[in-house]
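Visitor: Could you take one part of this model and walk me through it closely? I'd like to hear how that part sits among its neighbours.

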Amino acid sequence: MTRIGIVTCANATQDLACCSHLCLRDLNEGRGMFSAYQTNDGAKLVGIVSCAGCPTAVGAGKILGKIRSLIETGVDAIHFANCVVALCPFQSQFTEAIRESFGETTLVMGTHGAADKDTITAFKTAVGEMLCQRKESLADVAGAMCYVPNARGHEPAPEQKDEAS
Ligand code: SF4
Ligand code: SF4
């Protein structure tokens with residue numbers, strides 16, 4: 001049996017709350033990119049981590065701490081999830097950094113079954129829209145608590161008016 005680790009895109013699993021269900025479905029059923037392990041008694045998941053977030057142009061090695069946590073479990077192969085493959089502009093820098101530090105580790109690009117081009121485009125569009133949708137935040141209440149009316153027209157709280165007079 002082949003011991004598998006999975007790296008997901010933090011935007012998909014942390015910001016957008018994917019629980020990796022398609023990755024795990026295909027791993028459990030020996031489908032998608034995991035079908036290759038069927039000849040070796042299948043695959044066993046030993047760890048799943050999200051990426052470490054944006055590495056900037058100079059910090060691809062920040063993912064190594066996450067990778068090390070999988071390496072320590074004795075993985076035979078590390079899969080980058082389909083979301084990383086579809087969305088990440090840093091994937092080649094990540095793989096380069098991983099190969100420099102953990103050269104013998106098998107890296108596989110992809111997890112669940114390959115989608116067609118239209119599905120990938122629709123996935124990317126949906127992710128872009130979800131990431132950019134307006135969410136309530138503390139910025140929505142901060143203006144109302146501030147003495148200086150902000151650009152959205154919030155009035156200062158009454159007690160703050162009194163203190164200032
Ligand atoms: S590849 Fe799909 S199912 Fe797997 S973690 Fe990414 S978004 Fe979720
Ligand atoms: S796009 Fe790349 S660096 Fe950004 S969260 Fe996803 S995997 Fe991580």
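Guide: Here's a walk along one strand, its partners, and the core it feeds into. Keep in mind that this is a predicted model.

Let's start with β1, which spans residues 2-8. Five of its seven residues are buried, so β1 is largely enclosed by the rest of the structure. It has strand partners, too. Seven bridges join β1 to β2, residues 43-50, and the two run parallel. Within that pairing, Val7 stands opposite Val49 of β2. β1 is also joined to β3 by four bridges, again in parallel; there, Ile4 has Ala77 as its bridge partner.

Now for the core. The largest nonpolar core holds 25 residues, and Val7, Cys9, Ala81 and Val84 have the most contacts inside it. Two or more residues apiece come from β1, α2 (21-29), α3 (64-71), β3 (77-80), α4 (82-87) and α5 (91-101). β1 is the top contributor, with three residues. In soluble globular proteins, nonpolar side chains tend to be buried together.

Val84 is a handy place to see this up close: leaving out residues up to four places away in sequence, Val84 touches Val7, Thr8, Cys9, Cys51 and Gln91.

Two of the core's helices, α2 and α4, turn up again around ligand 1, where α1 (10-15) also gives two or more residues to the shell. α2 has the largest share there, three residues. In total, 13 residues surround ligand 1, with Cys18, Leu22, Cys23, Asn82 and Cys83 the closest. That shell splits into seven nonpolar and six polar residues, with no charged ones.

Conventions. Residues are numbered from 1 along each chain as its sequence is written. Chains are lettered from A and ligands numbered from 1 in the order in which they are written. This is a predicted model: local features need pLDDT of at least 70, side-chain atom pairs count only at pLDDT 80 or more; totals for chains, interfaces and linings use all residues. A nonpolar core is a set of buried Ala, Val, Leu, Ile, Met, Phe, Trp, Tyr and Cys residues joined through C-beta atoms within 7 Å. A residue is buried if 20 or more other C-beta atoms lie within 10 Å of its own, exposed if 12 or fewer, and partly exposed in between; C-beta atoms are placed from the backbone. Two residues are in contact if their C-beta atoms, placed from the backbone, lie within 7 Å. A residue is near a molecule or strand if its C-beta atom, placed from the backbone, lies within 6 Å of it. Ala, Val, Leu, Ile, Met, Phe, Trp, Tyr, Cys and Pro count as nonpolar, Asp, Glu, Lys and Arg as charged, and the others, Gly among them, as polar. Two strands pair if DSSP finds at least two bridges between them.
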